[in-house]
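Good morning, and thank you for joining. Please take a moment to look at the sequence and the structure before I begin.

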Amino acid sequence: MIAVWPAGPPLEQAVRERAEALTGSAGRRLCGLAGRGLPGEDLHAPWLAAVLDVIPIPAALFFPVRDAQGRVVEFHIDRCNGHATGLLGRPPEQINGGRLLEVLPGLSNAGIFDAYVKVLETGTPLHREPFSYEEPFRGVRYPAVLSVRAQRIGGGLLVSWQFHDEQARMAARIDDAERLVGLAWAEWNLVTGEITWSPRMYDIFDLDPALGPLSLDGLSRHIRENDIPVLTQAVETLCEQREPVTFEVRTRHAAPPRHVRVTAELVRDSLGNLIAAHGVVQDVSAARRMEAALEASRRESERQRLRMAEELQLALLPRQHNRLPGLSMALRYQPAEDSARIGGDWFEAAPLPDGRVLIAIGDVSGHGLPAAAGMAQLRHALLGIAHTGADAARILDCLNLVAYHSHEETVMATVIVGHFHPRDRTLAWARGGHPPPVLVRAGQARELHNADGISLGVSLDPGYGLATVRLQPGDRVILYTDGLVERRDDRRDERSALLLDAARQGALGGPEEHLQTLLSTLDTNPEDDTCVIVLHVRK
């Protein structure tokens, strides 16, 4: 609240001082009036207007209006200064010469009128600090905050008053704003040691206002220990850069801990000496809880999306056969990390009615649902064509037509198709733009060669050729997609050499161990799908 009268002497003393400053009989008369209560008519001297004008708040001279029994029933406003206003905005010219209870009718209900009468009768000055006041207006009671002072002078009263409604409303608005956004402020005067906190500081740090504000060291004890390094770094930055810093910490004693965002600055004088530290503090706990809830919702949505994608991918890919004639197999499929776990890599390993084992691996360009749709189209076509007895090169010719004449758009893909003959352990295979298989035998690894053929969907005359290799018991054949060996920043020959080295290292273990060695050594590309098949020729 703003003080009603500036710090200093009360009204009577102010009047005396003003009177002493005046020369001649006017000053002597005023001193006499204030001390001895001389007749009211002497208060009409011209100098009194000057006295009222030096009072920096609304002030006026009242004279009592009495009934037949001599009781004071009203006050006449003899004169007022230029600051005088009523609650509802009456200017001084409308107040001057009027009746008190007509200008401020609420004074009667507030008990101020009776207090004025008591001052007049006893000579005891009145000093009422700001209090709630209501003024009747058009059937309602208009609220305000009022403070008053009164001093008997002669047969009348010298009165000052002040409405604090605008200041009170402003303070209320500030308090509401701080409450709504969880905001508070603090100042530490480094010269006088004085500490000033806004009320919300106590709420944010869960402190009792009766204990008063804390020093900077005391406040640090109310911050979680894990966040002390953040505070320390902020203080160092503040001192070094001489600019405001913003940081976030958690309170220690509140349950749950509050997340507090702090913006602090140091105040210096013209010589660069520190004189104060200012801080604006905001409780951002609600925002952090919302962020945590959104993040949990996002993770749950991502888990559901991945689960659905995996179910779809499993539905599109074939089931792994536990037992193939003459072969043991280890298989791993890893979609790209950013493809919703649906990719275009695919494989097939299944016994055919004629006793051969169909083996295929492919890679449709792209990721996500479009690639998965192209993959499903080619794999289903492969199964139908393979049951006609066609060799691997002829199967690729048919798959190329399917890719080239796809309904949506041309499907671009690389594929290896082969047939394993368990009786003579031969592998007859054809390649359409796909990385060549790796043969591991007796601790050595090399790529199988078949230079004929280009990727599916590129040309109607691809020229696929059939290559045959006779395998031995214990041999391993590794088929893979380019996600195993390709990196954006690596050269292909370096990755191929690393693949052959990893293939040799893992050959001593079983097919699953061999596969794991390949994956861990080569560190598959997270930006691309990866499919790896390790075929082991049984004795």
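I shall speak about a pocket, a helix and two loop residues.

This is a predicted model, in which local features need pLDDT of at least 70 and side-chain atom pairs count only at pLDDT 80 or more, while totals for chains, interfaces and linings use all residues. Residues are numbered from 1 along each chain as its sequence is written, and side-chain values use heavy atoms, with hydrogens and water left out.

I turn first to helix H14, residues 392–404; helices are DSSP runs (H or I) of at least four residues and strands are runs (E) of at least two, numbered from the N terminus. H14 has 13 residues and spans 18 Å from its first C-alpha to its last, close to the 18 Å expected at 1.5 Å a residue; the expected span is 1.5 Å times one less than the number of residues. Its buried residues include Ile395, Leu396 and Leu399. Buried means under 20% relative accessible area, exposed over 50%, and partly exposed in between, with a 1.4 Å probe and protein chains only.

Next, the loops. Arg425, between strand E14 and strand E15, has a positive phi of about 55 degrees although it is not a glycine. Arg425 counts as partly exposed because its relative accessibility is 26%. Ala442 lies in the loop between strand E16 and strand E17, and its phi is also positive, near 55 degrees. At 77% relative accessibility, Ala442 counts as exposed.

Finally, which helix gives the most to the lining of the largest pocket? That is H11, with five residues.
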